[in-house]
Amino acid sequence: MSKSISNQFSVSKVASSILIAFSAFAVNAQDSGEKQEDDTIEHIQIISHTTKLRTEAGSATLIDEMELEKFEYDDIHRILANVPGVNIRQEDGYGLRPNIGFRGVTPERSKKISIMEDGVLIGPAPYSAPAAYYFPTVSRMTAVEVFKGPSAIKHGPNTVAGALNMNTRSVPSSNEGMIDIGLGSDAYSKLHAYYGGESQGVGYLVEGLHTQADGFKEIDNASMSSFDPDSGFDKNDLMTKFSYEFGSGNVSQFLELKLAYADETSNETYLGLTDNDFENNPYRRYAATQVGLMDWEHKQFQLTHNISSESVSITTRLYHNDFTRAWRKVNGFRSASPATDRSLQEVLAAPEEGLNQEYYQVLTGQKDSESLFEQLLVGTNDRDYYSQGVQSDASYVISDGDLQHVIETGVRFHKDEITRNHFEDVYAMTQAVMTRASNDREFTSQNYERSTATSVYAQDTIKWKSLEVTAGVRGEFVDSKYQNLKAGFESDWLTKTTRIWLPGVSAFYQLSDHAGIFAGAHEGYVPTSPKQAPEVLPESSTNFELGGRFNNGTTKAELVAFFNDFENLKESCSFSTSASCANAGRVDEEYNGGQVDVYGLEASVSSQLSLTDTIDIPWAVTYTHTGSEFKQALNSTFELWGDIAVGDEVPYLPDNQLTVSFGLASNDWQVSMMVKYVGEMQEAAGANVSLSGVSTKAHTVVDLAASYDFADYGSIYAKVDNITDEVAVVSRRPFGARPSKPQQLFVGYKYRF
Amino acid sequence: MKHISKSTLLTLVTTSTLLVSGCGESTSSSAGESFNQGSDSSNSGGDQTLVFDKATFLSDITDHVLIPTYKSFESLAMEQAQAINTFCAAQISNSAELTAQKESAQMSWRQAMNQWQQIEVMQVGPLTSDSNALRNKIYSWPVTNQCAVDQDVGHYENGSINGAAYDITRRTETRKGLDALEYLLFAPNANHSCSNASLAPSGWNDRPESERLVARCEFAVEVANDLVINASSLVSQWQDGYAANIKSAGSQSSDFGSQEEAINHISDAIFYIDSVTKDAKVAAPVGLKDNSCGSAACIADIESNMSNNALANVENNLVGLSKLFLGNAVDAADEDKKIGFDDFLVAVDAGDEADQMIAKLIAAIEISQALQAQGTTMQDAVQNNPQSVQELHQNIKNVTDELKSVFISNLALQLPATSAGDND
């Protein structure tokens, strides 16, 4: 392929059109000058880096590498603070297993959003078991993209809320590398490095990242136990890419192989604190949590091919992900009698009430396990997953005078599976140390769930003068199987075939070069897992949005009102929501919540002021208001719901969230501050569950970051997360109150070559 | 750029519009026979149950089984309080009648306990609300704490806790109820049961035995009186509203959305016989299930260990089940028999299954009675004749297997989650 063609239809152009949608239109519609600009950006990206007004309907937010580096965050929760319409339930403080929802859907394990890495579904088993126990390490990402609204229909299977795409580092166009060394509070350390280059169309990249910390919580009597004495983690990521660009005539092609490996061990638990103990020391962990250990390993293979001409772009991806995990943690007490059994959530919610005192004393190590009911069940949820498939996306541009079409279509053949091998061991609390009470091991769940899915979408964006109208449809055709693998349960199986079409339509009207208004509607859908009986309905909704956008090159603003009309809100039982259903053997059982309305307003504005000739003041404000209500009464045993009356609100959905960021930026230094306010959140929707009427309080967290660039000698950075050392209960799930991350200081040195 | 005609454009727009309007979801499935423990509605006798008068069933169970059993317990609790009061007076005065009065108090406890054991399989409504608080105030086994009872003997004797007047109604369930009374009436000596002397009332074991026994019996009087209040509360809650609530299931005035929901609430209570009677009371002590001794025979896990009432407890659990199943009767020929679950089965053409259930129930009751007639205690049997306990277990299992089968297949009832799988 000639160099001129390579420049004109570069890898970034190629990649920008991948997975497609409006980005393909945006790129194709731009002049060659912008194409050159795009050439310098990351490869596998959906949203273009244009500085002009984006004309797609639907909320789409891009956080680029520069923005990501500003605060050097490892935690996706903090990164998404600048994205409107995101609701989050924090858990471990480090964001190891995020809980992210968009526009009011449950944030539990991010299971209702489509999570992608480089445009490919990255959840362990997105159809069969969508809970994101694997989440890519965001420290190695170069961009994060969030899609909500009608554009979600291109990123299934979950279209109710939206999609989150993270872009890994692309193969650099010339030899370059970087090393980043960071140290921080609680023995935090980071070593991040990459090197890559390209010559005559052949490129490569090697990237490694190691992070570790001792954790900011202290485990009672851990040093006397046989388990790790700290509450920290240890993570490794390794990624290699090989790329090849070639072509002839006006056709360019791009081939890229990505191989990646990641692992993590973290001494994490689901057990938090009582409110009283939280008041005394929010960073305490009870003796029963000594056993906590998450251990996972992830392997990834991805082969990407793109072929592009002036009007057509086709990208094909072949992918395979393996994920294996085992999480050992205290699940609860041995069952003795229905009248006296208590979940950990019940014990911690009211430790002084009734029999709970007996259990609380054992959890905290004040009392030894003497009777059967005082023995603790420590579950290891051992699971193996794979997710594989091939997907092809194409865009085709046709013009007729003032009329232009961008036709986008895609097909994906996907298969994923989860195999569960859960078991429980019995432990006794002995002198405040967790010890095995017997060698018996009970296998609680042994089964697999498998899904084979074919997805298609087709969309036409018609542009005529100042008006753009987009109409499209997504089809999901899923064949699934559940099989119990326990001996004697061979006939416990279920096969299902589900077919659904999900339409979406949107329009954008450009008022001027800098402003436009848009509206859209689309069908939302979340499939049921293979194990769920056909009577359990998939989640379905009709989603509307109306908004306006402004971008004059300096100031960007977007205001979107949305209304999600759920015909059936769905939830599922997991240990992370609370154990009462899980302990009763109903893990992964799904619940119908019926009709629910979620509505809100998302606003964001960002700009930059010039203080002097060399110093700017960049600033941004992001605000989200969300309201919700159940439209029908419901008596549910699901811990997040309970007995719901008409008008009750959806839990973990703050009415108001506000993030203000501002700073000073010069050529060689910058200082940034981010202030995030999160309103009160209900921990349960209705009555008669252990957290009924309980809320997390509104809280504000302030992060400060600064960096100085020594040019040829690298740069240094320092940051303080939670500079005011605000202590807040971020949630009382899975069991008991959990703290936000305390004040932590980090310093680092980064050298690029 | 390629030229397109207006007609092409129209086609595209029209197609898109059709696609938008043509959405829909369809699901088809097939399942193995054990999927969801075979609870698929197609396997159940759902429609057949319509011929059964569920309103009368609920009314009869309420008026002829539940409330009479609760009332009977209330009476026995009152008698027990009187007997313990008399015994304590004898203890204080060191009367010559002390031994006889103590035996009388112990006997009154056994009678109350036996009646309560029937109620254990009738934990419905007020006994299940607020995390079974009322049930646990009356009887919290298997969560018991003899050291905690010792502590409250001391607190009651002092009249205060941390400066506040002692109030038994505010104390943890393990410090009162029938389980506390058993300890206070049957403990072999006056020493405390705490693992560490610092947990017991100060200097307890050094005090004169008579003083300690008086302190214990005075607290026993307080516990017995509290028990009467709770027993009366149970009866009054039923009479003052809950009976009407369950009888009117399915109407606007009821908390139960349907009669089936109310019946399922009662059947949930019945499955106590599976997870507690069969597993916790029989299988665990004899080592058929994991226990606190590590699967070996385990005396510590036997219910009512001090009073040696364990076998009577099991028998009365089965009797309680019989009353619910047969309608206030332990035999189908009983002339006082009212409508029960057996009639429900007959109504759905499962009379044979009802007969089998009755036969298995009678067999299990007879085994437990035979063991008691031999003068055997559960402790003796577990240690010296484990085969007899295993036989009892097998007979109870015959009952629970039948229950699981008929309740799912014939009555379209849902099993409680703890009994849904095979716990054996």
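Which residues in the largest nonpolar core touch the most other members? In this predicted model, the answer lies in chain B: among the 111 residues of that core, B:Tyr70, B:Leu178, B:Trp238, B:Phe341 and B:Phe407 have the most fellow members in touch with them. The greatest contribution to this core comes from helix 7 of chain B (residues 209-247), which supplies 16 residues.

B:Leu178 offers a helpful place to look at the packing in detail. Leaving aside residues up to four places away in sequence, B:Leu178 touches the aromatic residues B:Phe73, B:Trp109, B:Trp116 and B:Tyr139, along with B:Gln80, B:Ala112, B:Met113, B:Ile138 and B:Leu227. Chain A appears in a second, separate core of 89 residues, whose members include A:Ile113, A:Tyr360, A:Val526 and A:Ile644.

The next stop is the meeting of the two chains. Here, 58 residues of chain A are in contact with 49 residues of chain B. Together the chains bury about 4400 Å² between them, and 58% of this area is on carbon and sulfur atoms. Between chain A and chain B there is 1 salt bridge; B:Asp290 pairs with A:Arg334 in a salt bridge whose closest N and O atoms are 3.1 Å apart. The two chains also share 13 residue pairs in polar contact, with both residues at pLDDT 80 or more.

On the side of chain A that touches chain B, at least two residues each come from helix 9 (356-363) and from several strands, including strand 17 (376-400) and strand 18 (403-430). Strand 21 of chain A gives the most to this side, with 11 residues. By type, the residues of this side divide into 26 nonpolar, 16 polar and 16 charged.

Notes
Residues numbered from 1 in each chain as written. Chains lettered and ligands numbered in written order. Predicted model: local features only at pLDDT ≥ 70, side-chain atom pairs only at ≥ 80, totals over all residues. Heavy atoms only, no water. Core = buried A, V, L, I, M, F, W, Y, C linked by side-chain atoms within 4.5 Å. Buried < 20%, exposed > 50% of the residue type's maximum accessible area, 1.4 Å probe, protein only. Helix = DSSP H or I, 4+ residues; strand = E, 2+ residues; numbered from the N terminus. Contact = heavy atoms within 4.5 Å. Buried area = accessible area lost by both parts, 1.4 Å probe. Salt bridge = Lys/Arg side-chain N within 4 Å of Asp/Glu carboxyl O. Polar contact = N/O pair within 3.5 Å; in protein donor to acceptor, adjacent residues only side chain to side chain. Nonpolar A, V, L, I, M, F, W, Y, C, P; charged D, E, K, R; others polar.
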